[in-house]
Amino acid sequence: MLPLAEITGSTAAIGYGLAAIGPGIGVGLIFASYVQATARQPESSRLTQPFVWIGFAVVEALALLGIAFGFIWAG
Amino acid sequence: MSTSLASEIPWPPSVDDFFLPPIVEGTNPWFTKVTLLVWIAVAALIIFFLVTYREPKIVPTKRQWIAESIYGFVRNNVAKDLIGHDGIRFAPYLTTLFCFVLLTNLFGIVPGIQMSPNSHIAFPAILAIISWVLFNVVGIRQHGFAKYMKNSLIPPAPWFILPLLIPIEFVSTFVFRPFTLAVRLFANMFAGHMILLVFTLGGFVMLNSNAWLAPVSVVSWLMAIALTFLEAMVIVLQAYVFTVLTASYIQGALAEEH
């Protein structure tokens, strides 16, 4: 029986789009918390800044795993 | 609006663009631009640090000051702050790691070179394996094998939850740490190169297609320039994060906890 409707293309693209939701929210949370913490106590900004970058890189790793696996699992 | 793609532009960019041919055709397939870049990076670092510290003076010369600033940054802000006072013995390795990752990353945006060896999984993988071996050996030497395993694998939790937590801790400490170290660096360099390829080659594709799209190619190239600056920030950040995470794992291995 012939298909009634079909979508062609790469589901890897859909997969990456879904995979980018989590890290997007995560990175936003990291920088939001840094801004809030600095607003509450400006002297702490120097102490907490390394954690901003470490946290950003760790969360971003998940988004980049999405890109990399998108190529590995595509088509 | 149909576009006819010029056939000589490798569009769309794919993973195959990362597999480079050997420099001299017909010889060893492993001697590619990437191999040459790694050798250049190693030679540049060795020569730089040797030459700038040949006759150190109390009032530093400009080159000596640059080398001391780089080493001082990693020694103070990474080794001492994260590991503590006896972390200073790791400062030479961490500085070398930081400088090597930074230099090989930078090759990705230098015009003319535009290929980072770290966009091939092999180089970040080896660096991550070295860091993994380092933090495990340091921990085992400090505590002894049994106590180190006990500290790493058994978190402070009620006994009935431990059968669930111990496999999680094992995979998290001994598998995920080196894996994510390598993949984080690799994927950042891979994705950055891909993005630059998309915007640069896309500009050429649009230039060669119909006359309405040709002016839009300028926008594409401006985006490529903007993304190169973003890539520069990512490069420095990824070198810093690789070093900081290695130092943090060493600190975790040395810690007297639980």
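A:Pro42 is exposed, with 9 other C-beta atoms within 10 Å. In this predicted model, A:Pro42 sits in the loop that joins α2 (21–40) to α3 of chain A. Its C-alpha atom lies 46 Å from that of A:Trp73, a residue 31 places away in sequence. The helix that follows this loop, α3 (45–73) of chain A, is one of the elements that give two or more residues to the largest nonpolar core.

That core has 48 residues. Besides α3 of chain A, the elements giving it two or more residues are α1 (33–52), α2 (62–83), α3 (91–106), α4 (122–143), α6 (162–208) and α7 (216–254) of chain B. The largest share, 12 residues, is supplied by α7(B). The residues with the most contacts inside the core are B:Ala79, B:Leu94, B:Val101, B:Phe242 and B:Ala247.

B:Ala79 shows how some of these residues come together. Apart from neighbours within four places in sequence, B:Ala79 is in contact with B:Val74, B:Gly87, B:Ile88, B:Phe90, B:Ala91, B:Leu94 and B:Ala247. Two of these partners, B:Leu94 and B:Ala247, are also among the residues with the most contacts inside the core.

The packing of helices around α7(B) can be taken one pair at a time. Two packed helices are described by the angle between their axes and the distance between the axes. For α2(B) and α7(B), the axes come within 8 Å and cross at roughly 30°. An angle under 35 degrees counts as roughly parallel, so α2(B) is roughly parallel to α7(B). The crossing of α2(B) past α7(B) is right-handed. On the α2(B) side the residues that meet α7(B) are B:Val74, B:Val78, B:Ala79, B:Leu82 and B:Ile83. Facing them from α7(B) are B:Thr243, B:Val244, B:Ala247, B:Ser248, B:Ile250, B:Gln251 and B:Leu254. Of the residues in this contact, nine are nonpolar and three polar, with no charged residue.

The second pair is α3(B) with α7(B). Here the axes are 9 Å apart and the packing angle is about 155°. Angles over 145 degrees count as roughly antiparallel, and α3(B) and α7(B) are therefore roughly antiparallel to each other. This crossing, too, is right-handed. From α3(B) the contact uses B:Leu94, B:Leu97, B:Phe98, B:Val101, B:Leu102, B:Asn105 and B:Leu106. From α7(B) it uses B:Ile235, B:Val236, B:Gln238, B:Ala239, B:Phe242, B:Thr243, B:Thr246 and B:Ala247. The residues of this contact divide into 11 nonpolar and four polar, again with no charged residue. B:Thr243 and B:Ala247 of α7(B) take part in the contact with α2(B) and also in the contact with α3(B).

After α3(B) comes the loop between α3 and α4 of chain B, where B:Gln114 lies. Phi of B:Gln114 is near 50°, a positive value in a residue other than glycine. B:Gln114 has 15 other C-beta atoms within 10 Å and is therefore partly exposed.

B:Pro124 belongs to the helix that this loop leads to, α4 of chain B. B:Pro124 counts as buried because it has 27 C-beta neighbours inside 10 Å. Not counting residues up to four places away in sequence, B:Pro124 touches B:Asn118, B:Ala182, B:Leu185 and B:Phe186. The C-alpha atom of B:Pro124 is separated by 7.7 Å from that of B:Leu181, although the two are 57 residues apart along the chain.

The remaining site leads back to chain A. B:Ala191 is placed in helix α6 of chain B. B:Ala191 counts as buried, with 21 C-beta neighbours inside 10 Å; the cut-off for that class is 20 or more. B:Ala191 and B:Glu231 are 9.8 Å apart, C-alpha to C-alpha, and 40 residues apart in sequence. Leaving out residues up to four places away in sequence, B:Ala191 touches A:Leu64 and A:Ile67. The contact between the chains takes 10 residues from chain A and 13 residues from chain B. On the side of chain A that touches chain B, the residues comprise 10 nonpolar, no polar and no charged.

Key. Residues numbered from 1 in each chain as written. Chains lettered and ligands numbered in written order. Predicted model: local features only at pLDDT ≥ 70, side-chain atom pairs only at ≥ 80, totals over all residues. Core = buried A, V, L, I, M, F, W, Y, C linked by C-beta atoms within 7 Å. Buried ≥ 20, exposed ≤ 12 C-beta atoms within 10 Å, placed from the backbone. Helix = DSSP H or I, 4+ residues; strand = E, 2+ residues; numbered from the N terminus. Contact = placed C-beta atoms within 7 Å. Nonpolar A, V, L, I, M, F, W, Y, C, P; charged D, E, K, R; others polar. Axes fitted to C-alpha atoms, helices over the stretch in contact; angles between N-to-C directions. Parallel < 35°, antiparallel > 145°, perpendicular 65-115°, else oblique. Left-handed = near helix turned anticlockwise from the far one by under 90°.
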